Amino acid sequence: MTASSVGCALCPRLVASRSRIVESVVVGEAGEGGILFVGQAPGKVEDRMGEPLKGPAGQKQRALLAGLGVHDYILSNACRCYPEHDRKPTKDEVENCSGWLAEDILKYKPSLIVAVGEVGETAAILASRVAGVVVPIRRMLHPSAVLHRPSQQERFEREGYEAIF
């Protein structure tokens, strides 16, 4: 955990619903200059396991990346705490977490940020401003959209490819 997020209590509703703070994670050999993926928030599985993108949507995202030959990357979220009932984080919750995401941007110095969904995009833009750096941000469809509407699979794959390459 980053020093700043340990014991964070800025969002009482999230503190009540989380079992842990889910920090960013490096997958493979990614480090400085890698691709940073910013999702929405941990789900129940991520909250239990303590790592982003481990639940059904995360498995879909990781499978897409593997299929595209992308094995080294950084995973983060707009919010680091599980919003009860997998709800969308509020604007205030995203803003409260923007400093932690800004720390990731400064630490990893990504060459590209891929915003996974609308909330990820909002957070990436805000955190980049907080960090005071300019990083290209590209948005792709959130994998949960495919879980709810399988007809979106082709769009998900296309947007993932276009965002990365």
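Met49 lies in helix H2, which spans residues 44–49, and the model in which it is placed is a predicted one. With a relative accessible area of 46%, Met49 counts as partly exposed, because exposed is reserved for values over 50%. Once its neighbours within four places in sequence are set aside, Met49 is in contact with Arg20 and Lys54. Of these partners, Arg20 is 29 residues from Met49 along the chain, and the C-alpha atoms of Met49 and Arg20 are separated by 9.0 Å.

Helix H2 also takes part in the largest pocket, since H2, H3 and H6 are the elements that give two or more residues to its lining. The volume of this largest pocket is about 440 Å³, and 22 residues line it, those closest to its centre being Gly43, Ala57, Asp86, His142 and Ser144.

Helix H7, residues 153–164, has 12 residues and reaches 17 Å from its first C-alpha to its last, close to the 16 Å expected at 1.5 Å a residue. Which residues of H7 are buried? They are Phe156, Glu159, Gly160, Ala163 and Ile164. Seen down the axis of H7, the buried residues fall within an arc of 120°, and they therefore line one face of the helix. An α-helix has 3.6 residues a turn, so residues three or four places apart point the same way. The cover over the buried residues of H7 includes strand E2 (35–39), helix H3 (56–67), strand E4 (112–116), strand E5 (137–140) and helix H6 (143–148).

Aromatic rings give a further view of the fold, and the count comes to two aromatic pairs, set out below.

| Pair | Centre to centre | Angle between planes | Arrangement |
|---|---|---|---|
| Phe37 and Tyr73 | 5.6 Å | 80° | edge-to-face |
| Tyr161 and Phe165 | 5.0 Å | 45° | tilted |

The pair of Phe37 and Tyr73 links distant parts of the chain, with Phe37 in strand E2 and Tyr73 in strand E3 (residues 73–77), 36 residues apart. Both Phe37 and Tyr73 are buried, and strand E2, which holds Phe37, is among the elements that cover the buried residues of H7.

For the other pair, the planes of Tyr161 and Phe165 stand at 45°, so the pair is tilted. Tyr161 is partly exposed, with a relative accessible area of 47%, whereas Phe165, at 51% relative accessibility, counts as exposed, because the cut-off for exposed is over 50%.

Conventions
Residues numbered from 1 in each chain as written. Predicted model: local features only at pLDDT ≥ 70, side-chain atom pairs only at ≥ 80, totals over all residues. Heavy atoms only, no water. Helix = DSSP H or I, 4+ residues; strand = E, 2+ residues; numbered from the N terminus. Expected span 1.5 Å × (residues − 1). Buried < 20%, exposed > 50% of the residue type's maximum accessible area, 1.4 Å probe, protein only. Arc of directions from axis to C-beta. Contact = heavy atoms within 4.5 Å. Phe/Tyr/Trp six-rings, centres within 6.5 Å; stacked < 30°, edge-to-face > 60°. 1 Å grid on protein atoms, 1.4 Å probe; cavity = no way out; pocket = protein on both sides within 12 Å on 5 of 7 lines; lining within 4 Å. Points joined across faces, edges and corners; volume = space filled by probe spheres on them.
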